[in-house]
Amino acid sequence: SLPPTYTDKHTSLEGDADLQFLLNGGELIKIRSTSWKKNRFFKLQEDCKTMWHESRKIFKKNQTFSIDDIDSVRMGRQSEGLNKHTDTSVEEQCFSIIFKARKKNLDLMAPSREEAKRWVSGLNKIINNLHNLSRQQKSEHWIINCMRKADKNEDNKMTLKELKHFLRQINIEVDDTYAADIFKRCDKSNSGSLEGSEIKHFYDLLTHREEIDVIYGKYAETEGQMSTRDLLNFLLNEQREQASFEDALKLIEKYEMDGTAKEKKHMTKDGFLMFLVQEEGSIFNPAHKHVYQDMSQPLNHYYISSSHNTYLMEDQLKGPSSTEAYIKVLMKSCRCVELDCWDGANGEPVIYHGYTLTSKVLFRDVIKAIKDFAFKTSDYPVILSLENHCSVDQQKLMAHHLISMLGDALVTKPLGNTMPTNFPSPEELKGKFLIKGKRLNKLDAVFTNSNTIEEDTVSEEDEAADCKENGQKKSKIKLAKELSDIVIYCKSVHFNGFEHAKDNQAFYEMSSFKESKAFNLAETSATAFMHHNMDKLSRIYPAGSRTDSSNYNPVPMWNVGCQIVALNFQTPSKEMYLNQGRFLPNGFCGYILKPEFQRSLSSQFDPNTLTRGPWLKRKIFHVMVISAQQLPKINKDKQKSIVDPLVRETHHINNNGFNPMWNQTFQFNIQVPELALVQFVVEDYDSTSQNDLIGQYCLPLTSVQNGYRHVPLLTKRGDVICSAGLFVHLMLLDAQ
């Protein structure tokens, strides 16, 4: 028979009542609009990895989606669709399935509160269990599933034709002679089909990793296995600067599955591979998965994950605005979101991209979504960057919504009882919201009882002015006192040069720079820009000409210490990959402590000249790209479409996305390790057009682990590609 399925192996949910509930399935109401609400039967399939639901479409009677494609499951009316198309009375019967990538949410209503809770609980259990599977287990499961799909007549046997179909499914194209040779080697019974132990033999041949054999063979010097001492030698020679006998013993206890070997305190090749594909064998330092940096420094001492035009799902000419866009970026630990506020109907302010065809969303709905999701993945403060185009009356309503809905979480006065001289820390601001916008007076008015101005005119935000047609002057707007008073640590002011800012700008007064201005300053006045950012915040935003919501390179901005480097999160791009990599460590909390030389007043660091200083730590980064495993197909609709993969800088390999091997070495000179990012980009080679992205992974050099490492791969939208990855050898050494 074929190898065991996910449910056979996944004993942690065996007998679970919620799992059985999903397997039995049930009727749910699918909701698309106020008038489109249809009964549909949903159930979990036996593989425990696929959801099936009926469809009334003529050509799609049965539809399925993978549990792997689910980003999250939300209980209640916590999607834009359910909020808009259902009544508050059914709050506890509703739930939403949120998908990765751009697939639309699935909004559902159960017959009762209890059934809704069981659907949500069951789905979350399945999602968490799949997430907790090791990469090795996911790999095995994926291969086994493909085997089952290739077994067209479901007789638990595999013919030569089915074997060739299976190989194409897992992204390998082989000629008929090679396929026939593999088949013959496994068909010990000469029956013309593989079954039982023959399929197991084929599976072992297929998943055999030659590169692991070589490494294991080099260190396994005890009865053909790795003793505890052999494993320690491997750790000290290849993986770590320090390791003890006890460390090696713990790894054997944790990963060795063979009882006899475990008794001898040995590690078999299977146990060794299991260890290498786990957290300890990852390129990313597991100590950086949690908040490990000092979070008690002033707020401006951190890079802050920041979004531009947060409300947009697509481009900024005609794309939709949505509360869902805010939820998505907040769940990615974005800590600064933008709200473009305009007068709306019925006295209610709205958010959209002014003077365009983008749709509108109510300001109050956005604030509710922000409140509900701001601190799901990070406890650290969220900055609401207001671009205010509203009349005074609607500004007053904005202030009312912010104060009434955010409550004590909204910072409405400085921390402490005296006028501050610098920013509070992210730690002090945990769970808090800061408003960035215009203010009518100085902050010390809070303490001097001079805060009496009811309303006055102020110049509009720099970004609003920059988005106007050429030649139009920057205009004035009337600012309501109620809105002005809740701008505490992030008062927007126009930038008039570094010298002027040094003498006239308070620490809480911050400027926004369009990308062209910021890049020019970073090139011509890098050290001055960095010193400006030592006691003030700077926000950088994309040029208004980027109507397709494309992005600029954030790295030069981080290199001069800019904190709020706002990008279009809605647009998959190489710039967003860098942003995701920058904020990957420190618990993915949205705050990264800047290097000491970007915080010290005596520093003269200039990224353009790299003169001598404590920042200059020359290193040589040795990278060997060894192999890849189970790369996904780019064109899934074409069964015969096989990728020709390359890792940026390597040669490409024809027709093998399953287990390509390169064994190519590269060397990179590093000048300032604390600012360096490392990115692996895997592409499908095309001789006639631009290569397609297969997957990528980015992280700071300071979070890279030396030695033999597995590298996970992410989709263009930043989701992990299950079971796919690279195998590399890395070594960061001091330059001679």
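These legends accompany a set of close-up views of a predicted model.

**View 1. The domains along the chain, and where domain 1 meets domain 4.** The protein chain is divided into domain 1 (17–132), domain 2 (136–207), domain 3 (210–281), domain 4 (299–416 + 427–438 + 484–598) and domain 5 (619–734). Note that domain 4 is written as three stretches of the chain, 299–416, 427–438 and 484–598. Between the C-alpha centres of domain 1 and domain 4 there is a distance of 33 Å. Domain 1 brings 9 residues to the contact, and domain 4 brings 12 residues.

**View 2. The buried side of helix α8.** Helix α8 spans residues 197–207, and its buried residues are Glu198, Ile199, Phe202, Tyr203 and Leu206. These residues lie on the same side of α8 because they cover an arc of only 145 degrees around the axis. Look across from them to find their packing partners: α5 (135–150), α6 (160–169) and α7 (176–186).

**View 3. The largest cavity.** Searching the whole structure turns up 3 cavities of 30 Å³ or more, and the largest cavity holds about 80 Å³ of space. Its lining is made up of Leu386, Asn388, Ile435, Gly437, Lys438, Glu461, Ile477, Leu479, Leu483 and Val487. Two or more of the lining residues come from each of β14 (382–388), β15 (433–437) and β17 (476–480). By class, the lining of the largest cavity has 6 nonpolar, 2 polar and 2 charged residues.

**View 4. The second largest cavity.** Here the volume is about 50 Å³. Around the second largest cavity you will find Glu338, Ser385, Leu386, Glu387, Lys436, Glu461, Glu463, Ser512 and Arg539. Strand β14 gives the most to this lining, with 3 residues. The residues of the lining divide into 1 nonpolar, 2 polar and 6 charged. Readers coming from the previous view may recognise Leu386 and Glu461, which line the largest cavity and also the second largest cavity.

**View 5. Histidine 288 in its loop.** This view follows the loop between α13 (269–276) and β10 (302–307), where histidine 288 lies. With a relative accessibility of 10%, histidine 288 counts as buried, because the cut-off for that class is under 20%. Setting aside residues up to four places away in sequence, histidine 288 touches Pro585, Asn586, Gly587, Thr702 and Ser703. Of these contacts, Pro585, Asn586 and Gly587 fall within the 484–598 stretch of domain 4, while Thr702 and Ser703 fall within domain 5 (619–734).

**View 6. Glutamine 394 in helix α16.** Glutamine 394 sits in helix α16, residues 392–406. The residue is buried, with a relative accessible area of 7%. Beyond its neighbours within four places in sequence, glutamine 394 is in contact with Trp342, Asp343, Gly344, Gly347, Glu348 and Pro349.

**View 7. Isoleucine 634 and its surroundings.** The loop between β23 (619–629) and β24 (645–647) carries isoleucine 634. A relative accessible area of 34% makes isoleucine 634 partly exposed. Not counting residues up to four places away in sequence, isoleucine 634 touches Val643, Asp684, Asp692, Leu693 and Ile694. For a link back to helix α8, compare tyrosine 203, one of the buried residues of that helix. Isoleucine 634 and tyrosine 203 are 431 residues apart in sequence, and their C-alpha atoms are 24 Å apart in space.

Technical notes
Residues are numbered from 1 along each chain as its sequence is written. This is a predicted model: local features need pLDDT of at least 70, side-chain atom pairs count only at pLDDT 80 or more; totals for chains, interfaces and linings use all residues. Side-chain values use heavy atoms; hydrogens and water are left out. Buried means under 20% relative accessible area, exposed over 50%, partly exposed in between (1.4 Å probe, protein chains only). Helices (H or I, at least four residues) and strands (E, at least two) are DSSP runs, numbered from the N terminus. The arc is that of the directions from the helix axis to the C-beta atoms. Contact means heavy atoms within 4.5 Å. On a 1 Å grid over the protein atoms alone, a cavity is a set of points where a 1.4 Å probe fits but cannot get out, and a pocket is an open set with protein on both sides within 12 Å along at least five of seven lines; lining residues have an atom within 4 Å of a point. Grid points are joined across faces, edges and corners, and a volume is the space filled by probe spheres set on the points. Ala, Val, Leu, Ile, Met, Phe, Trp, Tyr, Cys and Pro count as nonpolar, Asp, Glu, Lys and Arg as charged, and the others, Gly among them, as polar. Domain bounds come from an automatic or database domain assignment.
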